[in-house]
Amino acid sequence: MHLIEMIWNGLGGVGPGPMVLKICFMLFLVVLFWISCEFAKHIITVGSGLLTDAMRYLAVVVRGWPVGSEGERSEGKEPGNSF
């Protein structure tokens, strides 16, 4: 925060030039914040997907493969046929 304050105070002066520099600096800070938020959103999205897959895998390991799933259909068994 101190570094941002030093840059902000160093851009002061008389005339339109320093004002343009301050506007560019503010835009740079907004873009930096936007990029960090998008990166955090991406990390959360990817992490939640990985966590969901890990929980599904753990459920299959603990309970076993569900009966009547697609794996049995590929072996020629039809759902609802018990004989």
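At 44% relative accessibility, Cys 24 counts as partly exposed, a class that lies between buried (under 20% relative accessible area) and exposed (over 50%), as judged with a 1.4 Å probe and with protein chains only. Cys 37 is likewise assigned to the partly exposed class, its relative accessible area being 39%. A search for disulfides across the whole structure returned zero, where a disulfide is taken as a pair of cysteine sulfur atoms within 2.5 Å.

The model is a predicted one, in which local features require a pLDDT of at least 70 and side-chain atom pairs are counted only at pLDDT 80 or more, whereas totals for chains, interfaces and linings use all residues. Residues are numbered from 1 along each chain as its sequence is written, and side-chain values use heavy atoms, with hydrogens and water left out. The mean pLDDT of the protein, that is, the predictor's confidence in each residue on a scale from 0 to 100, is 80, and 73% of the residues score at least 70.

With respect to secondary structure, the protein contains three helices and zero strands, these elements being DSSP runs numbered from the N terminus (H or I for helices, at least four residues; E for strands, at least two). The order of the elements from the N terminus is α-α-α. Confidence varies among these elements, with the lowest mean pLDDT (58) found for helix α3, which covers residues 70-73, and the highest (91) for α2. Helix α2 itself comprises residues 16-63.

Of the 83 residues in the protein, 6% are buried. The area exposed by the protein is about 7500 Å², of which 72% is supplied by carbon and sulfur atoms; accessible areas were obtained by the Shrake-Rupley method with a 1.4 Å probe, and for residues only the protein chains shown count as cover.

A nonpolar surface patch is formed by Leu 51, Met 55, Tyr 57, Leu 58, Val 61 and Val 62, which together present about 660 Å² of accessible area. Patches of this kind are built from residues with over 30% relative accessible area and no salt bridge, nonpolar side chains (Val, Leu, Ile, Met, Phe, Trp, Tyr) being joined within 5 Å and like charges within 9 Å. One member of the patch, Tyr 57, lies in helix α2 and is exposed, at 61% relative accessibility.

Side chains of opposite charge can pair when their charged atoms come close. Two salt bridges were counted, under the criterion that a side-chain nitrogen of Lys or Arg lies within 4 Å of a carboxyl oxygen of Asp or Glu. One of these joins the side chains of Glu 38 and Lys 41, with an N to O distance of 3.3 Å. Glu 38 and Lys 41 are separated by about one helical turn because they stand three residues apart in helix α2; Glu 38 is partly exposed at 34% relative accessible area, as is Lys 41 at 48%.

Another salt bridge links Arg 56 with Asp 53, whose closest N and O atoms are 4.0 Å apart. Arg 56 and Asp 53 are also three residues apart in helix α2, and therefore about one helical turn separates them. Here Arg 56 is exposed, at 58% relative accessibility, whereas Asp 53 is partly exposed, at 45%.

Met 26 also belongs to helix α2 and is partly exposed, with a relative accessible area of 41%. The C-alpha atom of Met 26 is separated by 9.2 Å from that of Trp 8, a residue 18 positions away along the chain.
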